[in-house]
Amino acid sequence: MLAAAARAVKGKLGRVRDGTVRRAVKRVTLWRFRVDLALTRAIRRARGERPYRLGGECRRCARCCEAPGIQVGRAVFHLRSLREPFLWWQRVVNGFELRSQDPRHRLFVFHCTHFDLATRTCDSYDSRPGMCRDYPRALLWQPNPEMLPGCGYRPQDPRASSLLRAIDAQPLTPEQRERLRKGLRLE
Ligand code: SF4
Ligand code: SF4
């Protein structure tokens, strides 16, 4: 039943595996994305911002492929002349169809046409966009990162080792230590 529904959805939304041209375009875009990301994060570090560390590992549950979201700047979200080319690019190059939007966070939420609901796999994994490769690292820069339910990754405080030593030096019960470790994201 689920497989049949997935096939119907797949047909309706037109899943198309990346061909040579799209792969080439995405490769160039990927390098631009990497340079942009490295520069942005270097600037944020230079300003004194410190992201959480990435703990845990990917469980390959594919939850992050169910509704990929992109947060954009004010101009792209509100100006039609920028918004339309942006959404066109996402649709034609990345295979992301706009599903909904959240004006408060300037967030576009997409349906990824490369995602196979039945097998929960990506049909163009080798040429997936930079944001899919980076996930969930962008979240680590938020004040209180929340991973998707079931995600095997977890944010870890960058001062975890010294805080753990400080906690261990305190006269606390095992339950209190455990609560502090979890609350302060030290595990
Ligand atoms: S392109 Fe692939 S990895 Fe990225 S959201 Fe779609 S299915 Fe997931
Ligand atoms: S939600 Fe987390 S664990 Fe699941 S595939 Fe994405 S990164 Fe991996």
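# A walk through the predicted model

Let's start at a small spot: Arg-120 sits in the loop between strand S5 (115–116) and strand S6 (121–122). Its phi is near 55 degrees, a positive value in a residue other than glycine. That is worth a pause, because most residues other than glycine have a negative phi. How exposed is Arg-120? It counts as partly exposed, because it has 14 C-beta neighbours inside 10 Å, and that class lies between the cut-offs of 12 or fewer for exposed and 20 or more for buried.

Keep in mind that this is a predicted model. The mean pLDDT of the protein is 89, and 91% of its residues score at least 70. Where does the confidence drop lowest? That would be helix H1 (residues 2–13), with a mean of 42, while strand S4 (residues 107–112) has the highest mean, 98. Across residues 1–13 the pLDDT stays below 50, and the stretch makes 11 contacts in the model beyond near neighbours in sequence. Where pLDDT is low, the predicted coordinates should not be read in detail.

Now step back for the overall layout. The protein has 7 helices and 7 strands, and going along the sequence they come in the pattern α-α-β-β-α-α-β-β-β-β-α-β-α-α. Its C-alpha trace spans about 60 × 45 × 30 Å along the principal axes. Of the 187 residues, 10% are buried. Among contacts with a separation of 6 or more, 65% are between residues 24 or more positions apart.

Next up is helix H2 (residues 20–46). Its 27 residues should span 39 Å at 1.5 Å a residue, and its end C-alpha atoms are 39 Å apart, so the two values agree. This helix is hardly covered, with 1 buried residue among the 27. Just after H2 comes Gly-48, which has a positive phi of about 100 degrees.

What about the inside? The largest nonpolar core has 5 residues in all: Phe-96, Phe-108, Phe-110, Cys-112 and Phe-115. Strand S4 gives the most to it, 3 residues. In soluble globular proteins, nonpolar side chains tend to be buried together. To see who surrounds one core member, look at Phe-110: leaving aside neighbours within four places in sequence, its contacts are Ala-67, Pro-68, Gln-90, Phe-96, Glu-97, Leu-98 and Arg-99.

Two ligands come next. Around ligand 1 you'll find Cys-65, Pro-68, Cys-112, His-114, Phe-115, Cys-122, Tyr-125, Arg-128, Pro-129 and Cys-132. That shell is made up of 8 nonpolar, 1 polar and 1 charged residues. Two of the names, Cys-112 and Phe-115, may ring a bell, as both belong to the core. Ligand 2 has 13 residues around it, with Cys-58, Cys-61, Arg-63, Cys-64 and Cys-151 coming nearest. By class, its shell holds 9 nonpolar, 1 polar and 3 charged residues.

A couple of backbone oddities round off the tour. Arg-60, in the loop between strand S1 (53–56) and strand S2 (69–71), has a positive phi of about 55 degrees although it is not a glycine. Arg-60 counts as exposed, because it has 9 C-beta neighbours inside 10 Å. Then there is Pro-136, in the loop between helix H5 (130–134) and strand S7 (153–156). The peptide bond leading into it from Tyr-135 is cis, with omega near 5 degrees, whereas most peptide bonds are trans.

Definitions and conventions: Residues are numbered from 1 along each chain as its sequence is written. Chains are lettered from A and ligands numbered from 1 in the order in which they are written. This is a predicted model: local features need pLDDT of at least 70, side-chain atom pairs count only at pLDDT 80 or more; totals for chains, interfaces and linings use all residues. A residue is near a molecule or strand if its C-beta atom, placed from the backbone, lies within 6 Å of it. Ala, Val, Leu, Ile, Met, Phe, Trp, Tyr, Cys and Pro count as nonpolar, Asp, Glu, Lys and Arg as charged, and the others, Gly among them, as polar. pLDDT is the predictor's confidence in each residue, from 0 to 100. Helices (H or I, at least four residues) and strands (E, at least two) are DSSP runs, numbered from the N terminus. Two residues are in contact if their C-beta atoms, placed from the backbone, lie within 7 Å. A nonpolar core is a set of buried Ala, Val, Leu, Ile, Met, Phe, Trp, Tyr and Cys residues joined through C-beta atoms within 7 Å. The expected span of a helix is 1.5 Å times one less than its number of residues.
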